[in-house]
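Please walk through this protein from its burial and overall dimensions to its core, one of its helices and its cysteines.

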Amino acid sequence: MELSEWQMIVNQAKEIGVFAFLIAGGEPFLVDDLLTIVRSHQDRVFAIFTNATTVAEKDIQRLEAISNTMIVVSLEGDEKLTDQRRGIGVYQKAVSLLRKLSQHGILSGVSVTITTDNYTFWMEDENIDEIVDLGAKLCFFIEYITAEKDEKSLSCEQRNVFREKILHYKETKPIFIIHSPGDEEPFGGCVSAGRGFVHVNAFGDLTPCPVSSASTHNLRQSTLREALNGELLKEIRQSELLEDGNGPCSLIFHEKDLMNILQKVRH
């Protein structure tokens, strides 16, 4: 979609009380004039997720004058862990960007996909301390999501051990931590499908979350309010699909039920 269309969606979201927006990709900084959006809505909060490979000096200069935006840099762990997933040299670019953001007084954070490769790395206190020293004020720990169990997915035992460590960090580390799916527990399960958040993809389709492609409304043809009140998201919110499943994603766990709902509302 064009920037003007994204502006329209942000305006519609503001009308119904949305105050925080996450911009992810792909790589958002490949979009020309991306920061026009956040500059246009100084009364809202934005988090832009980046792999650090395309953030230019002009972006840093513009971000210095913006107070409502956090830059969240993707890391997997140390240089070996990050580069084996994201490409050679990406770790150094990520660390360099975090340092630069801190030096320029730009709010920054880190996003980590937790797998069997790196969950023990992030259970070492000194590794959390290192990103704090780099200036990160927030850390997203998002457990690896896949439709079928594979070697990268945490076992129930690994997930429980990791969760205990995260709860310890929340009490002892000077950084705000968001852990998915663990932090969904107080809400009784997943907060997607409009319970707490919703996802718009690059083509304008409204989906329950980034993991799911299920959609009946495109925001080029309908308003955000209409789409949120559509039968698909209503059915999901009123069903048991968002209750805790066996794994990091309730919708993946209940994938067959979700497809049944989608088929039902399309007929």
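A residue is called buried here when its relative accessible area is under 20%. By that cut-off Cys209, at 5% relative accessibility, counts as buried, and so does Cys139, whose relative accessible area is 1%. The model that these values describe is a predicted one, and buried residues make up 48% of its 267 residues.

The protein has eleven helices and eight strands. Its radius of gyration is 19 Å, close to the 18 Å that the globule rule gives for 267 residues, so the protein is as compact as a globular protein of that length. The C-alpha trace spans about 55 × 45 × 35 Å along its principal axes, and the accessible surface comes to about 13800 Å², of which carbon and sulfur atoms hold 49%. Among the contacts with a separation of 6 or more, 64% are between residues 24 or more positions apart.

The interior can be followed from its largest nonpolar core, which has 68 residues and in which Trp122 and Phe141 have the most contacts. Helix H5, residues 90-103, gives the most to this core, with six residues. Apart from it lies another core, of six residues, including Ala47, Phe49, Met70 and Val72. Leaving aside residues up to four places away in sequence, Trp122 touches Phe141 itself, together with Glu76, Gly77, Val112, Ile114, Asn127, Ile128, Ile131, Phe162 and Tyr169.

Two of these partners of Trp122, Phe162 and Tyr169, lead on to helix H7, where they are buried along with Arg159, Arg163, Lys165 and Ile166. In an α-helix there are 3.6 residues a turn, so residues three or four places apart point the same way. The buried residues of H7 pack against strand S4 (108-114), helix H6 (125-133), strand S5 (138-143) and strand S6 (176-180). The length of H7 can be checked as well: at 1.5 Å a residue, its 17 residues (156-172) should span 24 Å, and its end C-alpha atoms are 25 Å apart, which agrees.

Which cysteines, finally, are too far from their closest cysteine sulfur for a bond? The sulfur of Cys139 is 20 Å from the closest one, in Cys190, and is therefore too far for a bond. For Cys209 the closest cysteine sulfur is in Cys249, at 5.3 Å, which is also too far for a bond, because a disulfide requires the two sulfur atoms to be within 2.5 Å. The structure holds zero disulfides.

Key. Residues are numbered from 1 along each chain as its sequence is written. This is a predicted model: local features need pLDDT of at least 70, side-chain atom pairs count only at pLDDT 80 or more; totals for chains, interfaces and linings use all residues. Side-chain values use heavy atoms; hydrogens and water are left out. A nonpolar core is a set of buried Ala, Val, Leu, Ile, Met, Phe, Trp, Tyr and Cys residues joined through side-chain atoms within 4.5 Å. Buried means under 20% relative accessible area, exposed over 50%, partly exposed in between (1.4 Å probe, protein chains only). Helices (H or I, at least four residues) and strands (E, at least two) are DSSP runs, numbered from the N terminus. Contact means heavy atoms within 4.5 Å. The expected span of a helix is 1.5 Å times one less than its number of residues. The radius of gyration is taken over C-alpha atoms; the globule rule is 2.2 Å times the number of residues to the power 0.38. Accessible areas come from the Shrake-Rupley method with a 1.4 Å probe; for residues, only the protein chains shown count as cover.
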